[in-house]
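Grab a pencil and work through a few exercises on helix packing, cysteines and cores. Try each task yourself before you read the solution.

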Amino acid sequence: MSGRPVTVELPVLPGPRLDLPHPDVAGTAAVAALIGDPVRAGILAILRDGPHCVCEMAAALDVRQNNLSNHLAKLREAGLVRASRHGIDARWVYYERDEAALADASRAISLVL
């Protein structure tokens, strides 16, 4: 390597293109911000393997259960996860990913990137 900067030829345009449409990326940016939080990203990663309860995820992520519940509420409001009560002991709530919603979010983010 010579250490010299690489010069790249860019196309020369006749003038500025001031008629570009405004991209609608508000929803995409909101999803990216939502999953950009390390705890929420960790939740989604854990739930890849199937449903888990709050206590399991809190232990794995080393956060308090009430903190994890707040993050789960945001993911639930966005439709990325859903909750269901245990069939025998309704005190236990299990969370799982909504794969269709996550696929939509992934497509929206990939269109921006």
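Here come five exercises on this predicted model, each with a worked solution.

**Exercise 1. Two helices meet**

Task: Work out how H2 and H4 are oriented towards each other, and which residues make the contact.

Solution:
- Let's start with the general idea: two packed helices are described by the angle between their axes and the distance between the axes.
- Now find the pair: helix H2 covers residues 38-46 and helix H4 covers residues 65-77.
- Their packing angle is about 75°, and the axes are 10 Å apart.
- Angles from 65 to 115 degrees count as roughly perpendicular, so H2 and H4 are roughly perpendicular to each other.
- On the H2 side, the contact is made by Val 39, Arg 40, Ile 43 and Leu 44. H4 brings in Leu 68, His 71, Leu 72, Lys 74 and Leu 75.
- Sort the residues of this contact of H2 with H4 by class and you get six nonpolar, one polar and two charged.

**Exercise 2. Another partner for H4**

Task: Do the same for H3 and H4: what is their orientation, and which classes of residue make up the contact?

Solution:
- The axes of H3 and H4 cross at roughly 105° and come within 9 Å.
- That angle also sits in the range from 65 to 115 degrees, so H3 and H4 are roughly perpendicular to each other.
- H3 supplies Val 54, Cys 55, Met 57, Ala 58 and Leu 61, while H4 supplies Gln 65, Leu 68, Ser 69 and Leu 72.
- By class, the contact of H3 with H4 has seven nonpolar, two polar and no charged residues.
- Zoom in on Gln 65 of helix H4: leaving out residues up to four places away in sequence, Gln 65 touches Val 54, Cys 55 and Ala 58.
- With a relative accessible area of 45%, Gln 65 is partly exposed.

**Exercise 3. Check the cysteines**

Task: Find out how many disulfides the structure holds, then say whether Cys 53 is buried or exposed.

Solution:
- A disulfide is a covalent bond between the sulfur atoms of two cysteines.
- The structure holds zero disulfides.
- Cys 53 has a relative accessible area of 4%, so Cys 53 is buried.
- Cys 55, at 28% relative accessibility, counts as partly exposed.

**Exercise 4. Into the core**

Task: Say which residues of the largest nonpolar core touch the most other members, and which element gives the largest share.

Solution:
- In soluble globular proteins, nonpolar side chains tend to be buried together.
- The largest nonpolar core here has 18 residues, and Ile 43, Met 57, Leu 68, Leu 72, Leu 75, Val 81 and Tyr 95 touch the most other members.
- H2, helix H3 (54-61), H4 and helix H5 (99-112) each give two or more residues to this core.
- The largest share, four residues, comes from H2.
- Take Leu 75 as a case: beyond residues up to four places away in sequence, Leu 75 touches Leu 34, Arg 40, Ile 43, Leu 44, Leu 80 and Val 81.

**Exercise 5. Sequence versus space**

Task: Find how far Thr 28 is from Ser 110, C-alpha to C-alpha, and how far Gln 65 is from Gly 27.

Solution:
- Thr 28 lies in helix H1 (residues 26-35), and at 14% relative accessibility Thr 28 counts as buried.
- Thr 28 and Ser 110 are 82 residues apart along the chain, with their C-alpha atoms separated by 9.4 Å.
- Gln 65 and Gly 27 are 38 residues apart in sequence, with 28 Å between their C-alpha atoms.
- As for contacts, Thr 28 touches Ala 108, Ile 109 and Val 112, not counting residues up to four places away in sequence.

Definitions and conventions. Residues are numbered from 1 along each chain as its sequence is written. This is a predicted model: local features need pLDDT of at least 70, side-chain atom pairs count only at pLDDT 80 or more; totals for chains, interfaces and linings use all residues. Side-chain values use heavy atoms; hydrogens and water are left out. Axes are lines fitted to C-alpha atoms, for helices over the stretch in contact, and angles run from 0 to 180 degrees between N-to-C directions. Angles under 35 degrees count as roughly parallel, over 145 as roughly antiparallel, 65 to 115 as roughly perpendicular and the rest as oblique. Contact means heavy atoms within 4.5 Å. Ala, Val, Leu, Ile, Met, Phe, Trp, Tyr, Cys and Pro count as nonpolar, Asp, Glu, Lys and Arg as charged, and the others, Gly among them, as polar. A disulfide is a pair of cysteine sulfur atoms within 2.5 Å. Buried means under 20% relative accessible area, exposed over 50%, partly exposed in between (1.4 Å probe, protein chains only). A nonpolar core is a set of buried Ala, Val, Leu, Ile, Met, Phe, Trp, Tyr and Cys residues joined through side-chain atoms within 4.5 Å.
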